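Trainee: I have a new structure open and would like to learn how to read it. Can you walk me through it, one feature at a time?

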Amino acid sequence: VASALVGRLRERIRRDGPVPFRDWMAAALYDPQDGFYAARGQHPAGVGQGTHFATSPTLHPFFAHAVARELADGWKSAGSPPDWEVVEFGAGTGALARDAMQELRRLQVPARWTAVDVREGPAIKGGRWLTEAPAAFDAAVANEFLDALPFDLAESDGEAWHALGVGLDGDAFAWRRLGVVADAPWPSAPAGERRARIPGQRPWVDSLEAAGARSAVVVDYGALGPAKEARAFHGHDFADPLEEPGTVDLTCDVDFQDLGEQAAGLGFTARVETQERFLLRHGVLDAINRIDRSTLQGNSDYLRLRQLLLPTGFGTAFKVAVLSR
Ligand SMILES: C[S@@+](CC[C@H](N)C(=O)[O-])C[C@H]1O[C@@H](n2cnc3c(N)ncnc32)[C@H](O)[C@@H]1O
């Protein structure tokens, strides 16, 4: 049975015409009743029953340990102050918060963790949940946050770029070309090619500077340039982005070239690398070699850590930007 959201979107399209893709995505993911991230049931990130996509922090705690080590380096570079407020954007299940705080305690970093998301997750030792970021903080963390912000899609007709939206063929949702994008930043491309632009990305990087952040660790599916498609996930498989809204995750690659350049312009040193490089720098091989693979748990740990690291898993599709100043 289709959700009420489907009915509301059909009604809206019949009344006002096709909706821009950004508005479609905002409704599909964040509609308070029926959105994919609505506050019902379990969070879709994770492994196992009822989840739709694995993320690095839900796969293995080593990812959070590596982030914590990077944060500890930032704290030391700032002169090891007596308190260190870390804000995590899009904290989801809270797995990263929990495991990173454990490692930060071990490293004796006096960190407090503020997890920000549209809904609260489980309690965090040494941390709290908020729905809006505080005005000032020392460090920021975001894993798969920017790619979950509603984005604009455009399609080339061979010369100009057209905004893409969603209309109706009968009762079925269908792609529609809307008006020409006047300020399109991309060179012309063959007809049918697409580009994505996340309008929330630049304001978010600006907000790190405005909050006085000294460092940030930003991880996402990424490319060094604009994304060329929207992706959809359902139950750990690719899906059609126009499948029933609210039942699939919508996402795109984050442009790390743009992120790095913008951060550098704001006075940050920006290091952009693959997740593989990032994990190697923080000792993932030692962690893999320490695993006792003779047990079932050890074998599962081994496979999950390799998935974080290898190019066939998360190792190269995911990029890490470490910002510091
Ligand atoms: C792809 S999930 C990633 C969750 C988690 N970081 C992980 O790696 O498992 C994206 C998360 O960003 C959250 N999110 C989206 N827009 C947000 C916003 N404006 N402020 C805070 N969180 C937001 C979503 O609710 C969702 O939990």
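Mentor: Sure, and keep in mind that this is a predicted model. Let's begin with one residue and its neighbours. Leaving out residues up to four places away in sequence, Asn143 touches Thr55, Ser56, Pro57, Phe63, Phe89, Gly90, Leu96 and Val219.

Trainee: Which element does Asn143 lie in?

Mentor: Asn143 belongs to strand 5, which covers residues 139-143.

Trainee: Is Asn143 buried or exposed?

Mentor: To decide, you look at relative accessible area, and under 20% counts as buried. Asn143 comes out at 6%, so it is buried.

Trainee: How much of the protein is buried?

Mentor: Buried residues account for 50% of the 325 in the protein.

Trainee: Now pockets. What is the volume of the largest pocket, and which residues are closest to its centre?

Mentor: Its volume is about 570 Å³. The lining has 32 residues, and Phe89, Gly90, Ala91, Asp117 and Phe145 are the closest to the centre. Looking at elements, helix 3 (56-59), strand 2 (84-89), helix 5 (95-106) and strand 13 (249-251) each give two or more residues to the lining. You've met two of the central residues already: Phe89 and Gly90 are among those that Asn143 touches.

Trainee: What classes of residue make up that lining?

Mentor: Sorted by class, there are 16 nonpolar, 10 polar and six charged residues.

Trainee: And the nonpolar core? Which of its residues touch the most other members?

Mentor: The largest one has 54 residues, and those touching the most other members are Trp24, Phe89, Phe151, Phe173, Trp204, Leu208 and Leu250. Helix 2 (residues 21-30) is the biggest contributor to this core, giving six residues. There's also another core apart from it, with 45 residues, including Leu104, Ala111, Trp129 and Leu309.

Trainee: Can we zoom in on Trp24? What does Trp24 touch?

Mentor: Skipping residues up to four places away in sequence, the contacts of Trp24 are Leu9, Val19, Val166, Phe173, Pro241, Leu242, Glu243, Pro245 and Leu250.

Trainee: What about contacts across the whole protein, how many join residues at least 24 apart?

Mentor: Take the contacts between residues at least 6 apart in sequence: 70% of them join residues at least 24 apart.

Trainee: Last one, the overall view. How many helices and strands are there?

Mentor: The protein has 10 helices and 16 strands. Its radius of gyration is 20 Å, close to the 20 Å that the globule rule gives for 325 residues, so the protein is as compact as a globular protein of that length. Along the principal axes, the C-alpha trace spans about 60 × 45 × 35 Å.

Notes
Residues are numbered from 1 along each chain as its sequence is written. This is a predicted model: local features need pLDDT of at least 70, side-chain atom pairs count only at pLDDT 80 or more; totals for chains, interfaces and linings use all residues. Side-chain values use heavy atoms; hydrogens and water are left out. On a 1 Å grid over the protein atoms alone, a cavity is a set of points where a 1.4 Å probe fits but cannot get out, and a pocket is an open set with protein on both sides within 12 Å along at least five of seven lines; lining residues have an atom within 4 Å of a point. Grid points are joined across faces, edges and corners, and a volume is the space filled by probe spheres set on the points. Helices (H or I, at least four residues) and strands (E, at least two) are DSSP runs, numbered from the N terminus. Ala, Val, Leu, Ile, Met, Phe, Trp, Tyr, Cys and Pro count as nonpolar, Asp, Glu, Lys and Arg as charged, and the others, Gly among them, as polar. A nonpolar core is a set of buried Ala, Val, Leu, Ile, Met, Phe, Trp, Tyr and Cys residues joined through side-chain atoms within 4.5 Å. Buried means under 20% relative accessible area, exposed over 50%, partly exposed in between (1.4 Å probe, protein chains only). Contact means heavy atoms within 4.5 Å. The radius of gyration is taken over C-alpha atoms; the globule rule is 2.2 Å times the number of residues to the power 0.38.
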